[in-house]
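This report introduces a structure to a reader who has not met it before. Its fold, its core and one packing arrangement are taken in turn.

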Amino acid sequence: MVNRLIGAAVLLALSALAAAADNAGFEAAYNAAEAARKKAAEVEYEWNTTAPLLQKAQDAAAAGDFDKAIKLADEAKKQGDLAYAQSQNEANHWRDSEIR
């Protein structure tokens, strides 16, 4: 009986640690995505799909689906990075699209 209680306590502790690690992974992914979104917004190139992805990531994390939340946050980060890269490309190559 005592062994079962100890085993249950260990399992409970391990699951709590796993949940904390999942939450920490989500927080890191979300913060990176938010930073990328803000960087794109600063140059007025934020894509209109990025903020909704971040909201979906928060909703998934709140529901405990950290794998989905991290994937959504990673996609939002990619969009933020690509939006910023697009702004730089446009700034450097706008003359190429001018009619001559």
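How many helices and how many strands does the secondary structure of the chain come to? The chain has three helices and zero strands, where helices (H or I, at least four residues) and strands (E, at least two) are DSSP runs numbered from the N terminus. This is a predicted model, in which local features need pLDDT of at least 70, side-chain atom pairs count only at pLDDT 80 or more, and totals for chains, interfaces and linings use all residues. Residues are numbered from 1 along each chain as its sequence is written, and side-chain values use heavy atoms, leaving out hydrogens and water.

| Helix | Residues | Supply to the largest nonpolar core |
|---|---|---|
| H1 | 2–42 | at least two residues |
| H2 | 50–62 | at least two residues |
| H3 | 66–93 | at least two residues |

Of the 100 residues of the chain, 23% count as buried, that is, under 20% relative accessible area with a 1.4 Å probe, protein chains only. The largest nonpolar core (buried Ala, Val, Leu, Ile, Met, Phe, Trp, Tyr and Cys residues joined through side-chain atoms within 4.5 Å) has 14 residues. Phe26, Leu54 and Ala69 are among those with the most contacts inside this core. Not counting residues up to four places away in sequence, Ala69 touches Phe26, Ala57, Ala60 and Ala61, a contact being heavy atoms within 4.5 Å.

H2 and H3 pack at an angle of about 165 degrees, with their axes 8 Å apart; axes are lines fitted to C-alpha atoms over the stretch in contact, and angles run from 0 to 180 degrees between N-to-C directions. The two helices, H2 and H3, are therefore roughly antiparallel, a term for angles over 145 degrees.

Technical notes. Buried < 20%, exposed > 50% of the residue type's maximum accessible area, 1.4 Å probe, protein only. Parallel < 35°, antiparallel > 145°, perpendicular 65-115°, else oblique.
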